[in-house]
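Colleague: Please show me the model, and then I will ask about its side chains.

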Amino acid sequence: MNPRRKKRLALAVALIGGVAAIASLLLYALNSNLNLFYTPTEIVQGKKDTGVLPEVGQRIRVGGMVTVGSMVRDPESLHVEFAVHDSLGGEVIVTYDDLLPDLFREGQGIVAQGVLIEGGKLQATEVLAKHDENYMPPEVAEAMGQTHEKLDYNEEQKSSY
């Protein structure tokens, strides 16, 4: 093999190796930033179509209703712990170490994003509360089995009298 062909072959092998390395790093970065949505029942029992449970240490989002009477605040810090449930009876404990949104209340729909630290416990990095009485994120509404119908303005006014 002459030197010119050896040089071309080495260049082709280096180019293919570089593209493979970049592709693998890109896939690794995308996989580590993936946040899958789960309902409390799916965290406890697994996805209904595959039966796959989320792994401890996995970053996930959980959506449901805050269980009334489940919120426990630490008076010394911002640490708060509360339970989130869905219509199928699943319940997950969420811990959070920051300020909760102003609209956060017990009995209200939320989405919490964080890391699963035990089978039924999530260490949240972000908690989102619904922002309006007629809105619920589609994933949470589907998980709760609810359909939210908007009342027209006249019906809403009549019910307030």
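The questions below deal with charged pairs and a surface patch.

Modeller: This is a predicted model, in which local features need pLDDT of at least 70, side-chain atom pairs count only at pLDDT 80 or more, and totals for chains, interfaces and linings use all residues. Residues are numbered from 1 along each chain as its sequence is written, and side-chain values use heavy atoms, with hydrogens and water left out.

Colleague: How many salt bridges does the structure hold?

Modeller: A salt bridge is a side-chain nitrogen of Lys or Arg within 4 Å of a carboxyl oxygen of Asp or Glu. E42 and K47 form one, at 3.6 Å from N to O. E81 and K121 form another, at 3.9 Å. The number held by the structure is two.

Colleague: Is E42 buried or exposed?

Modeller: Buried means under 20% relative accessible area, exposed over 50%, and partly exposed in between (1.4 Å probe, protein chains only). The relative accessible area of E42 is 14%, so E42 is buried.

Colleague: Over the face of which residue does K47 lie?

Modeller: A charge sits over a ring if NZ of Lys or CZ of Arg is within 6 Å of the ring centre and within 35 degrees of the ring normal. K47 is partly exposed, because its relative accessibility is 23%. K47 lies 4.5 Å from the ring centre of Y38.

Colleague: How does L9 count in terms of exposure?

Modeller: L9 helps make a nonpolar surface patch together with M1 and V13. Such patches use residues with over 30% relative accessible area and no salt bridge, joining like charges within 9 Å and nonpolar side chains (Val, Leu, Ile, Met, Phe, Trp, Tyr) within 5 Å. Because its relative accessibility is 48%, L9 counts as partly exposed.

Note on methods. Accessible areas come from the Shrake-Rupley method with a 1.4 Å probe; for residues, only the protein chains shown count as cover.
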